[in-house]
Amino acid sequence: MTSETIPLRHAQLSIEEGIARFMHQRPATRNALSLELRADYADMLDRVESDPGIRALVLIGSGGSFCAGGDLKAMKERQAGPDPDARSAFAMRRRILDGHAWVERLRSLEMPVVAAVDGPAVGAGFSITLAADFILASSRAVFCMSFAKVGLVPDLGAFYFLPRAIGMPLAKELVFTARRVSAAEGKQLGFVHSIHAPQTLEAEAMQFAGRFTSGPREAMGMTKRLMNRSFETPYATLAELEAQAQAVASTTRFHDGAVSAFLRGEPAAFDWDRPQARDTAMPR
């Protein structure tokens, strides 16, 4: 299978063996979320969404940091600049809403998304990790809803993601106190999936994501969309959506091949308890 590396402005996208890897590349700022990095997310999603060969996405930072949150230095420079529109409340509102456009796409991406977090995931960086389906953390990872420290409110989906991940009382505590949460506590609270040594985190994340490449892309995509709506959708509506999704899933080549293999007594192509199953990926 071919590999490809696509340099962006403040990030890099690489694609290999059905896995897209998106790396923040602003180590000097602990990968603070610049306007360019935000645009990189949108461009990356354009590429990943349009490629049927991509089965999983890994988000990772460079230089021992995931993302230190918003770029406060750049924000201050815009406020001190000559353009009154750039420093207005309306401009800030536009930037936040523009961010939500790609965060919602990231959350809804019809494939597993893995955030590999080494070092700080702070403020909006923490929000981005919560938009992923799985958070794999290094032993030195630190999570912090730091907004109160600078007199701001949580953004990039934190109001939505955090209460759903850990419950409302704990979400309020982390937001109001702006305290640091270790990887071990994150796992105890339930939003961290697993903890790894810093030097092996990236390899572990890529291996974890790779185990999905033999899975049913269509079924996983529809499952993710329905799961994402489960807290807001009435039972009857969700049942109808489930019926529609199952009707579509039952027509896929993956389903047909999996049933035929079962009837022949052959191993399943996708079997999480047998990781080597990814070597015999079922056609879409």
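**Notebook: a helix pair and two pockets**

I started with helix 5 and helix 6, which are oblique to each other, since their crossing angle of roughly 125 degrees falls outside the range of 65 to 115 for roughly perpendicular and is not over 145, as roughly antiparallel would need. I am working from a predicted model here.

The axes of helix 5 and helix 6 (residues 168-177) come within 7 Å. I noted the hand as well: helix 5 passes helix 6 in a right-handed crossing.

Next I looked up who touches whom. From helix 5, Leu-162, Pro-163 and Ile-166 meet a set in helix 6 made up of Met-168, Leu-170, Ala-171, Leu-174 and Val-175. By class, I get 8 nonpolar residues in this contact, with no polar and no charged ones.

Then I turned to the pockets. The largest pocket holds about 810 Å³ of space. I find 26 residues lining the largest pocket, and Leu-130, Ala-132, Asp-133, Phe-134 and Asn-228 are the closest to its centre. Helix 4 (124-131), strand 7 (134-138), helix 5 (158-166) and helix 9 (217-228) each give two or more residues to this lining; helix 9 gives the most, with 5. My class tally for the lining is 16 nonpolar, 6 polar and 4 charged.

The second largest pocket has about 690 Å³. Its lining takes in 37 residues, with Gly-69, Gly-70, Leu-72, Phe-147 and Leu-152 closest to the centre. I met helix 5 again here, among the elements that each supply at least two lining residues; helix 1 (35-49) and strand 6 (120-122) are also among them. I sorted this lining into 21 nonpolar, 8 polar and 8 charged residues.

Note on methods:
Residues numbered from 1 in each chain as written. Predicted model: local features only at pLDDT ≥ 70, side-chain atom pairs only at ≥ 80, totals over all residues. Heavy atoms only, no water. 1 Å grid on protein atoms, 1.4 Å probe; cavity = no way out; pocket = protein on both sides within 12 Å on 5 of 7 lines; lining within 4 Å. Points joined across faces, edges and corners; volume = space filled by probe spheres on them. Helix = DSSP H or I, 4+ residues; strand = E, 2+ residues; numbered from the N terminus. Nonpolar A, V, L, I, M, F, W, Y, C, P; charged D, E, K, R; others polar. Axes fitted to C-alpha atoms, helices over the stretch in contact; angles between N-to-C directions. Parallel < 35°, antiparallel > 145°, perpendicular 65-115°, else oblique. Left-handed = near helix turned anticlockwise from the far one by under 90°. Contact = heavy atoms within 4.5 Å.
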